[in-house]
Amino acid sequence: MQWFLDLPLTDQILILYLVGVNLLAFFYFGWDKFQSTLGKQRISEKMLWFLALIGGSIGSLVAMRYFRHKTRKISFQAILALILAIQIWLVVFIISN
């Protein structure tokens, strides 16, 4: 825990944000899967993509595997993969500059 407190405040905020948005993405995927089994109103794919886009890609991927949700829908996975690729590129770009 001390390592976290030793980080600059901006890094602490970024880490907390990323943990939070990934947990939220994981929860939304789980909720969507639960709703689908009940035949009730679902969470839109646009919302799930949005959560991935704002930093929840890892949570989205983990949730897809954990809940076995959206694993057969290639079009959904392609857009999620594109979002993840762009995020990886951005991280590499930021780190290298």
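**Exercise 1. Polar contacts of Gln87**

The side chain of Gln87 makes a polar contact with the side chain of Ser57, at 2.3 Å. This comes from a predicted model. Task: state in which helix Gln87 lies, whether Gln87 is buried or exposed, and which residues Gln87 is in contact with beyond its neighbours within four places in sequence.

Solution.
- Step 1. Gln87 belongs to helix 4.
- Step 2. The relative accessible area of Gln87 is 17%. Buried means under 20%, so Gln87 counts as buried.
- Step 3. Besides the contact with Ser57, a polar atom of the Gln87 side chain lies 3.1 Å from the backbone oxygen of Leu53.
- Step 4. With neighbours within four places in sequence set aside, Gln87 is in contact with Ala52, Leu53, Ile54, Gly55 and Ser57.

**Exercise 2. Helix 4**

Task: find what span helix 4 reaches from its first C-alpha to its last, which of its residues are buried, and which helices those residues pack against.

Solution.
- Step 1. Helix 4 covers residues 74-96, which makes 23 residues.
- Step 2. The distance from the first C-alpha to the last is 32 Å, close to the 33 Å expected at 1.5 Å a residue.
- Step 3. The buried residues are Phe76, Leu80, Ile83 and Gln87.
- Step 4. An α-helix has 3.6 residues a turn, so residues three or four places apart point the same way.
- Step 5. The buried residues of helix 4 pack against helix 2 (9-38) and helix 3 (45-67).

**Exercise 3. Ile54 and the nonpolar patch**

Task: place Ile54 in its helix, give its exposure class, and say which residues make the nonpolar surface patch of about 600 Å².

Solution.
- Step 1. Ile54 is located in helix 3.
- Step 2. Its relative accessible area is 30%, so Ile54 is partly exposed.
- Step 3. Outside its neighbours within four places in sequence, Ile54 is in contact with Tyr17, Val21 and Gln87.
- Step 4. Ile54 and Leu18 are 36 residues apart along the chain, and their C-alpha atoms are separated by 8.8 Å.
- Step 5. The patch is made by Leu14, Tyr17, Leu18, Met47, Phe50, Leu53 and Ile54. Helix 2 and helix 3 are the elements that give two or more residues to the patch. Helix 3 supplies the largest share, four residues.

**Exercise 4. Salt bridges**

Task: say how many salt bridges there are, and which residues are joined into one network by salt bridges that share partners.

Solution.
- Step 1. Side chains of opposite charge can pair when their charged atoms come close. With a cut-off of 4 Å between nitrogen and carboxyl oxygen, the count is three salt bridges.
- Step 2. Asp32 and Arg42 meet at 2.9 Å, N to O. Asp32 lies in helix 2 and Arg42 in the loop between helix 2 and helix 3, so this pair ties together parts that are 10 residues apart in sequence. Asp32 is buried at 0% relative accessibility, whereas Arg42 is partly exposed at 38%.
- Step 3. Lys70 and Glu45 meet at 3.1 Å, N to O. Lys70 is in the loop between helix 3 and helix 4 and Glu45 in helix 3, 25 residues apart. Both Lys70 and Glu45 are buried.
- Step 4. Glu45 also forms a salt bridge with Lys73, with the closest N and O atoms 2.6 Å apart. Since Glu45 lies in helix 3 and Lys73 in the loop between helix 3 and helix 4, the pair ties together parts that are 28 residues apart in sequence. Lys73 is partly exposed, at 36%.
- Step 5. Through shared partners, Glu45, Lys70 and Lys73 are joined into one network.

Terms used:
Residues are numbered from 1 along each chain as its sequence is written. This is a predicted model: local features need pLDDT of at least 70, side-chain atom pairs count only at pLDDT 80 or more; totals for chains, interfaces and linings use all residues. Side-chain values use heavy atoms; hydrogens and water are left out. The expected span of a helix is 1.5 Å times one less than its number of residues. Buried means under 20% relative accessible area, exposed over 50%, partly exposed in between (1.4 Å probe, protein chains only). Contact means heavy atoms within 4.5 Å. A polar contact is a pair of N or O atoms within 3.5 Å; within protein, one must be able to donate a hydrogen and the other to accept it, and residues adjacent in sequence count only if both atoms are side-chain atoms. Patches are made of residues with over 30% relative accessible area and no salt bridge: like charges are joined within 9 Å, nonpolar side chains (Val, Leu, Ile, Met, Phe, Trp, Tyr) within 5 Å. Accessible areas come from the Shrake-Rupley method with a 1.4 Å probe; for residues, only the protein chains shown count as cover. A salt bridge is a side-chain nitrogen of Lys or Arg within 4 Å of a carboxyl oxygen of Asp or Glu.
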